[in-house]
Amino acid sequence: MANSPWSHTRSSTVSDDIDFEIKGQELQFVELELDPGESAVAEAGAMVWKDAPIEMSTVFGDGSGGQGSGFMDKLLGAGKRLVTGESLFTTVFTHHGRGKARVAFSAPVPGAILPIKLDEVGGRLICQKDAFLCAARGVEIGIHFQRKIMTGLFGGEGFIMQRLDGDGWVFVQMGGTVVERELHPGEELHIDTGCVAAFTESVDFDLVRAGSVKSMFFGGEGIFFARLRGPGKVWIQSLPFSRLAGRMLAAAGSRGGQNRGEGSLLGGLGDLIDGD
């Protein structure tokens with residue numbers, strides 16, 4: 001593959017160690033290069049194109065269990081996806097031919113596709129519930145519950161987030177421009193709740209009050225900020241999907257155009273009621 005700011009050549013790993021290249025600027029897509037027998041798993045409807053030798057199949061859950069998984073294991077994997085608001089099924093793309101073959105997947109909104117090697121971030125990534133785009137076979141897609149009830153109710157992204165486990169490559173989609181911050185032990189960062197795209201498991205996620213009562217009610221930033229405390233890595237997105245959808249609805253004159261999930265009195269409670 002040609003060199004790019006986001007490209008990769010293989011190394012030893014348990015998961016399929018796929019080669020990839022991310023192309024584009026505001027509307028990106030990721031192109032995966034598979035060797036014979038290698039597979040990638042993706043969200044339904046994310047594919048842009050594929051070479052003919054790559055065969056597509058639909059599976060329950062995330063497809064990480066392999067052929068030996070029992071029915072209950074597959075059902076549990078599918079249930080995890082259903083809880084996060086995703087489809088019961090994912091699509092697996094496997095190269096059954098010879099030589100190299102490629103398949104490409106695109107993000108649904110303007111923003112960035114971020115490649116993350118899970119074994120380089122402790123084997124687990126916590127991210128917003130609609131962040132997963134695709135991954136190498138062997139990566140497990142699970143759910144992450146906020147332990148603190150107030151965080152779950154008013155955290156903007158809700159009580160449930162996605163959890164990605166494994167040692168291989170995952171590709172997560174984030175809105176707008178993405179900034180990565182490395183937090184030292186005890187270091188804190190306050191972020192708009194909708195702009196928290198992902199963080200490593202070692203980061204403590206909680207809420208802090210957004211200033212005075214006057215600021216909370218009239219400042220337009222919501223009642224709470226997300227407080228992330230190190231050590232660990234945090235990824236921040238400048239354009240949350242919920243904010244983009246809210247602006248589009250408002251521009252269309254919809255009565256439901258105001259985004260209750262951020263910058264409003266209801267905060268995450270409105271999202272919880274709506275099931276977001």
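**Close-up views of a predicted model**

**View 1. E188 is partly exposed, with a relative accessible area of 36%.** This legend, like those that follow, describes a predicted model. The side chain of E188 meets that of R229 in a salt bridge, with an N to O distance of 2.6 Å. E188 belongs to strand β16 (residues 188–191) and R229 to strand β19 (residues 224–229), so the pair ties together parts that are 41 residues apart in sequence. R229, for its part, is also partly exposed, its relative accessible area being 31%.

**View 2. H190 in strand β16 and its surroundings.** With a relative accessible area of 45%, H190 is partly exposed. Once its neighbours within four places in sequence are left aside, H190 is in contact with V208, F225, A226 and R227. Of these contacts, F225 is 35 residues from H190 in sequence, while the C-alpha atoms of the two residues lie 5.9 Å apart in space.

**View 3. An open sheet of six strands with antiparallel pairing.** Read across the sheet, the order of the strands is β12-β13-β10-β17-β20-β15. The edges are formed by β12 (140–145) and β15 (178–183), each of which pairs on one side only. Neighbouring strands of the sheet are turned against each other by 25° on average, with direction ignored. At one edge, β15 is joined by six bridges to strand β20 (residues 232–237), the two strands running antiparallel. Within this pairing, L183 stands opposite G232 of β20.

**View 4. The salt bridge between D119 and K117.** The closest N and O atoms of this pair are 3.1 Å apart, which falls inside the 4 Å limit applied to a side-chain nitrogen and a carboxyl oxygen. The two partners differ in their exposure: D119 is partly exposed, with a relative accessible area of 41%, whereas K117, at 5% relative accessibility, counts as buried. The assignment of K117 follows because buried means a relative accessible area under 20%.

**View 5. The salt bridge between D165 and R163, and a network elsewhere in the model.** D165 and R163 form a salt bridge in which the closest N and O atoms are 2.6 Å apart, and both of these residues are buried. A further group, made up of K23, E31, E33 and R102, is linked in a network of salt bridges. Under the criterion applied here, the model has a count of 13 salt bridges.

**View 6. The largest nonpolar core, which holds 21 residues.** The members that touch the most other members of this core are V30, L32, F105, C134 and F171. Two or more residues are given to the core by each of the elements β2 (19–23), β3 (29–34), β4 (39–42), β8 (101–106), β11 (132–136) and β14 (169–175). Around C134, when its neighbours within four places in sequence are left aside, the residues in contact are V30, L32, V41, A42, F105, V170 and F171. A second core, separate from this one, has 20 residues, among them V92, V121, V139 and A198.

Note on methods: Residues numbered from 1 in each chain as written. Predicted model: local features only at pLDDT ≥ 70, side-chain atom pairs only at ≥ 80, totals over all residues. Heavy atoms only, no water. Pairing = 2+ DSSP bridges. Helix = DSSP H or I, 4+ residues; strand = E, 2+ residues; numbered from the N terminus. Axes fitted to C-alpha atoms, helices over the stretch in contact; angles between N-to-C directions. Buried < 20%, exposed > 50% of the residue type's maximum accessible area, 1.4 Å probe, protein only. Core = buried A, V, L, I, M, F, W, Y, C linked by side-chain atoms within 4.5 Å. Contact = heavy atoms within 4.5 Å.
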